[in-house]
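Here are some questions about how the labels used for a protein model are justified. Each answer sets a value against a cut-off and then concludes.

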Amino acid sequence: MVRVGSPPEPSRPVPVGTAWLVPTALSAAASAVVVALVDADARLVLGVCLAVATGAIAVATAAAGRRGARIRQLTREREADVSAQYHRHQAEAESLRQYLAAQDAAQQRLTEDLLPKTILRLKQGESAREIVHELAATDEQLPRVTAEFAASQRTVLRLVAEAVEAEEGMRDSAQRAFVNIARRVQAIVHQQAT
């Protein structure tokens, strides 16, 4: 098989078996019988013609035998190549299955473990940077799918942590504002009461 980008293989001579001898021998025997049965005047001409015909049969059967052997050889090579490709594709498919399983496990860990812990720690007052930095350090000890995938997960975790931290900050600010307003109202009510 000729592959794209590879030089063509040189043609190797294919050994020819002895199968070509059977038709040649039968033709020669039949020619000898026919030459023996004809008149002496026609024997020379008929013998030459039958000898040429027997030679042509020998050449044709030898060529057919070579072509048949070459076809069998190419078929075996093709089958071996197809088998090798099949096994290579099977190995690649298994590798991709393992890659996807690892990616799914990493994604599940992010959604079921890291994000809930991050949100809980943020609600307890820890800073987003500290949490993300600490989780990234522990994440290095775990097997990673790819560096890009791990980086994108850290980015997601950082963005969620920053969003939750900002939300917590806004909630705290709003709560302080309400407390301030309540104190002012209370002060006004006390002033009016006096």
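Q: Why is Val 45 called exposed?
A: In this predicted model, Val 45 has a relative accessible area of 56%. Exposed means over 50%, so Val 45 is given that label.

Q: Where is Val 45 found, and which patch does Val 45 help to make?
A: Val 45 is found in helix α2, which covers residues 40-123. Together with Leu 44, Val 48 and Val 52, Val 45 makes a nonpolar surface patch of about 410 Å².

Q: What makes the contact of Glu 94 with Arg 97 a salt bridge?
A: The closest N and O atoms of Glu 94 and Arg 97 are 3.0 Å apart. The cut-off is within 4 Å, so the pair counts as a salt bridge. Side chains of opposite charge can pair when their charged atoms come close.

Q: Where do Glu 94 and Arg 97 lie?
A: Both lie in helix α2, 3 residues apart, which is about one turn of the helix.

Q: Why are Glu 94 and Arg 97 called partly exposed?
A: Glu 94 has a relative accessible area of 37%, and Arg 97 has 48%. Partly exposed lies between under 20% and over 50%, so the label fits Glu 94 and also Arg 97.

Q: How do you know that Asp 113 and Lys 117 form a salt bridge, and how far apart are they in helix α2?
A: Their side chains meet at 3.0 Å, N to O, and the rule asks for within 4 Å. Asp 113 and Lys 117 are 4 residues apart in helix α2, so about one helical turn separates them. Asp 113 is partly exposed at 26% relative accessible area, and Lys 117 is partly exposed at 46%.

Q: What is the label, buried or exposed, for Arg 121, and why?
A: Arg 121 has 16% relative accessibility. Buried means under 20%, so Arg 121 counts as buried. The side chain of Arg 121 meets that of Glu 126 in a salt bridge of 2.9 Å, N to O. Glu 126, at 27% relative accessibility, counts as partly exposed.

Q: How many salt bridges does the rule give?
A: The count comes to 6 salt bridges.

Q: How do you know that the span of helix α4 agrees with its number of residues?
A: Helix α4 has 47 residues, 147-193, and at 1.5 Å a residue should span 69 Å. The end C-alpha atoms are 68 Å apart, which agrees.

Q: Which residues in α4 are buried?
A: Among them are Phe 149, Ala 150, Leu 157 and Val 164.

Methods
Residues are numbered from 1 along each chain as its sequence is written. This is a predicted model: local features need pLDDT of at least 70, side-chain atom pairs count only at pLDDT 80 or more; totals for chains, interfaces and linings use all residues. Side-chain values use heavy atoms; hydrogens and water are left out. Patches are made of residues with over 30% relative accessible area and no salt bridge: like charges are joined within 9 Å, nonpolar side chains (Val, Leu, Ile, Met, Phe, Trp, Tyr) within 5 Å. Accessible areas come from the Shrake-Rupley method with a 1.4 Å probe; for residues, only the protein chains shown count as cover. Helices (H or I, at least four residues) and strands (E, at least two) are DSSP runs, numbered from the N terminus. Buried means under 20% relative accessible area, exposed over 50%, partly exposed in between (1.4 Å probe, protein chains only). The expected span of a helix is 1.5 Å times one less than its number of residues.
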